Amino acid sequence: MAALVNRRTVTIEWGQCDPAGIVFYPNYLIMFDTSTGLLFARTGLNPAEMRERYGIIGMPLVEQGTKFIAPCRFDDEVVIESEVGEWGRSSFIVRHRVLKGSDLAVDG
């Protein structure tokens, strides 16, 4: 099976940042959630079509882990790279990497 990967460019907005102008960490979860939806949209099914076709109500998050390597700041342009890292019988692991240029800033 070919790897399912999505990349999107995001400009960090003021509302995503703490008073120091650094992304407030819970906002990465919102970015990752949006990125997961866009990742699966690459299969040709939007979330509503996935629910109807497979009889699911959604994709529950059962575990989350994030390693913060370098801060992302207001006005930074970053690339969020998302892929299914592992398929299980009834679950899967989605990996997200936030890149500033060629440097890894966040691994989730």
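1. A quick word on terms before we start: two strands count as paired if DSSP finds at least two bridges between them. By that rule β4 and β5 are a pair, because four bridges join them, and they run antiparallel. Please keep in mind as you read that this is a predicted model.

2. Let's follow the strands from β1, which covers residues 5-11. Its partner is β3, residues 77-87, and the two run antiparallel with seven bridges between them. If you would like a spot to look at on screen, try Arg-8, whose bridge partner in β3 is Ile-80.

3. β3 also pairs with β4 (residues 92-100), again in the antiparallel sense, and here there are eight bridges. Two places show the register nicely: Ser-82 stands opposite His-96 of β4, and Glu-83 has Arg-95 as its bridge partner in that strand. The connection from β3 to β4 is a hairpin of four residues.

4. The β4 and β5 pair is a hairpin as well, with two residues between the strands. In the turn, Gly-101 has a positive phi of about 65°. Along the paired strands, Leu-99 stands opposite Leu-104 in β5.

5. Now for the inside of the protein. In soluble globular proteins, nonpolar side chains tend to be buried together. Here the largest nonpolar core has 13 residues, and those with the most contacts inside it are Ile-12, Tyr-28, Cys-72 and Val-98. Three elements, α1 (26-41), β3 and β5 (103-107), each give two or more residues to this core. The largest share, three residues, comes from α1.

6. Ile-12 deserves a closer look. Which residues is Ile-12 in contact with, leaving aside its neighbours within four places in sequence? The list runs through Cys-17, Val-23 and Met-31, then Cys-72, Arg-73, Phe-74, Asp-75 and Asp-76, and ends with Val-78. Cys-72 is thus a contact of Ile-12, and both residues are among those with the most contacts inside the core.

7. Finally, don't overlook the other core, which lies apart from the one above and has seven residues. Among them are Leu-4, Leu-39, Phe-40 and Leu-45.

Notes
Residues are numbered from 1 along each chain as its sequence is written. This is a predicted model: local features need pLDDT of at least 70, side-chain atom pairs count only at pLDDT 80 or more; totals for chains, interfaces and linings use all residues. Side-chain values use heavy atoms; hydrogens and water are left out. A nonpolar core is a set of buried Ala, Val, Leu, Ile, Met, Phe, Trp, Tyr and Cys residues joined through side-chain atoms within 4.5 Å. Buried means under 20% relative accessible area, exposed over 50%, partly exposed in between (1.4 Å probe, protein chains only). Contact means heavy atoms within 4.5 Å.
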